Amino acid sequence: MEQTEQLSFDFYKETAQITRESRDELKLHLGEFNGPLDLLLYLIKQEQANIFDIPIAKITDEYLKYIRLMKHLDISVAGDFLVMAATLIEIKSKMLLPQEISEKEEEEMEDPREALVRQLLEHQKFKNAAQMLYERTTVEQAVFPRGKIESDENNAETNASVFDLLGVFQKILARHVEEVQMEIEREEISLADMLKSLKKRIFENKELSLLAFFEEMHTRRELVTAFIAVLEIVRTESVQLMQTTTFGDIILKKV
Amino acid sequence: MPKTKNHFMEVEEKQTRSISEIVSIVEALVFVSDDPVTVKIIADVLEEDRETVEAAVEELKQEYETREGGLQLREIAGGWQLVTRTEYHEEIRKFLKTRPSAKLSLAALETLAVIAYKQPVTVPEILDIRGVQSASAIKTLLDKKLITAKGRKETVGRPMMYGTSKDFLLQFGLKDLSELPSIEDFEDLVQGM
């Protein structure tokens, strides 16, 4: 609660920190980290470098060190971070290349860092805008409008009388009765009944076509019951399943 | 002829309404309204012209400021609203037994800042500025109704464009989008880093 009360917010405090504990032990503090541009801004700030004259070799090294560390710690490195790594390396190599150019051309040559700096500045601008929004919400949360007036819209049940309640209760009761009736209907074809009729037919006619038996069923539920009855009768009674041709009809036959 | 008589009475009533009476009615209407109430709505209800109502609202605002009480009248999201003064938020929270609602994440705030200043803006354009995918932040903002879809951009892939909503103005205490400080104002801070 105390944290949400504070009015200003230092974004850099929240970002990552790499500190060297001992000779080959690195300690990593991961803050709320917002992508490669954030990391880059953080590294530039940590190096106390001028954003308009980024020491690209140094920053690239630091950046790659950080990515390696992320990999080492099994943090999946997002593609965006790798794209930025490639960009940094590209800029670094461009700046290392010997440039044989006349003075006239030099004036027109764009600094390989320029596009990146532009992107960093744009990003920083919106980071500051985000901070402004953060401060605004903090102020907004200290302001309260009047509580809602009770109206039919936000409190629809206020108009209900005892008779309304009774009506609703009767409806629920009626629904309940309907449900019970449906269940009784379902119970009409129980597995036991199905088994009995199946058994009777097999023992009377000595054999029964499965296809014909299944076709007599009207509902999915009946079909399922019939199927289970067939499985059951094969398991418990001396009844055999026979198929004369591949994919042909299956005959239930009394042994 | 009752109709003519009624009309006559209305005209008479309108003529007799003093400015202080209008100020009082405005106060009553703003008080009962759940949402910020616009000058136009008040003007329609009172059958007064906009200028008169605007003057009354300003007068009322001044009254609240001079009084330095627990309430303030403020302009927000194109309307007027009566709210408590920020100074007393601790006592109010204690009384209501509420805590401040969870704040947006940094990623969501940044995405919202880009959308607020660049609207209507597409997802690829947001990616360009933030340098990172913003899909989950955009979903959060849509869920909280701070942004809305504003049609598609007629370019490759016809990406969806987003802009801020009325809820955005309400939650950030803004009269309208022009009240946002200019994005160029944030440049000075950049140079200073």
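**Exercise 1. Chain A at a glance**

Among contacts in chain A between residues at least 6 apart in sequence, what percentage join residues at least 24 apart?

*Solution.* This is a predicted model: local features need pLDDT of at least 70, side-chain atom pairs count only at pLDDT 80 or more, and totals for chains, interfaces and linings use all residues. Residues are numbered from 1 along each chain as its sequence is written, while chains are lettered from A and ligands numbered from 1 in the order in which they are written.

Step 1. Fix the term: two residues are in contact if their C-beta atoms, placed from the backbone, lie within 7 Å.
Step 2. Read the share: 54% of these contacts in chain A join residues at least 24 apart.
Step 3. Add the elements: chain A has 10 helices and 5 strands. Helices (H or I, at least four residues) and strands (E, at least two) are DSSP runs, numbered from the N terminus.
Step 4. Add burial: 18% of the 255 residues in chain A are buried. Buried means 20 or more other C-beta atoms within 10 Å of the residue's own, exposed means 12 or fewer, and partly exposed lies in between.

**Exercise 2. The contact between the chains**

State which elements of chain A give two or more residues to the side that touches chain B.

*Solution.*
Step 1. Count both sides: 37 residues come from chain A and 37 residues from chain B.
Step 2. Name the elements: they are α2 (36-46) and α6 of chain A.
Step 3. Find the largest share: α6(A) supplies 18 residues.
Step 4. Sort by class: this side of chain A has 17 nonpolar, 9 polar and 11 charged residues. Ala, Val, Leu, Ile, Met, Phe, Trp, Tyr, Cys and Pro count as nonpolar, Asp, Glu, Lys and Arg as charged, and the others, Gly among them, as polar.

**Exercise 3. The largest nonpolar core**

Identify the elements behind the largest nonpolar core.

*Solution.*
Step 1. Define it: a nonpolar core is a set of buried Ala, Val, Leu, Ile, Met, Phe, Trp, Tyr and Cys residues joined through C-beta atoms within 7 Å.
Step 2. Find the hubs: of its 32 residues, A130(A), L133(A), L109(B), L112(B), A113(B) and I115(B) touch the most other members.
Step 3. List the elements giving two or more residues: α6 (114-140) of chain A, with α6 (106-118), α7 (123-130), α8 (135-143) and α9 (166-171) of chain B.
Step 4. Rank them: α6(B) gives the largest share, 9 residues.
Step 5. Look elsewhere: another core of 16 residues lies apart from this one, with L41(A), I54(A), Y63(A) and I91(A) among them.

**Exercise 4. Helix α4(B)**

Check the length of α4(B) and locate its buried residues.

*Solution.*
Step 1. Compute the span: the expected value is 1.5 Å times one less than the number of residues. For the 18 residues of α4 (50-67) of chain B this is 26 Å, and the end C-alpha atoms are 26 Å apart, which agrees.
Step 2. Pick out the buried residues: V53(B), A56(B) and V57(B).
Step 3. Place them: they cover an arc of only 100° around the axis, so they sit on the same side of α4(B). The arc is that of the directions from the helix axis to the C-beta atoms.
Step 4. Turn to the other side: E51(B), E58(B), Q62(B), E65(B) and T66(B) are exposed there.
Step 5. Find the cover: it includes α2, α3 (39-46) and β2 (79-84) of chain B.
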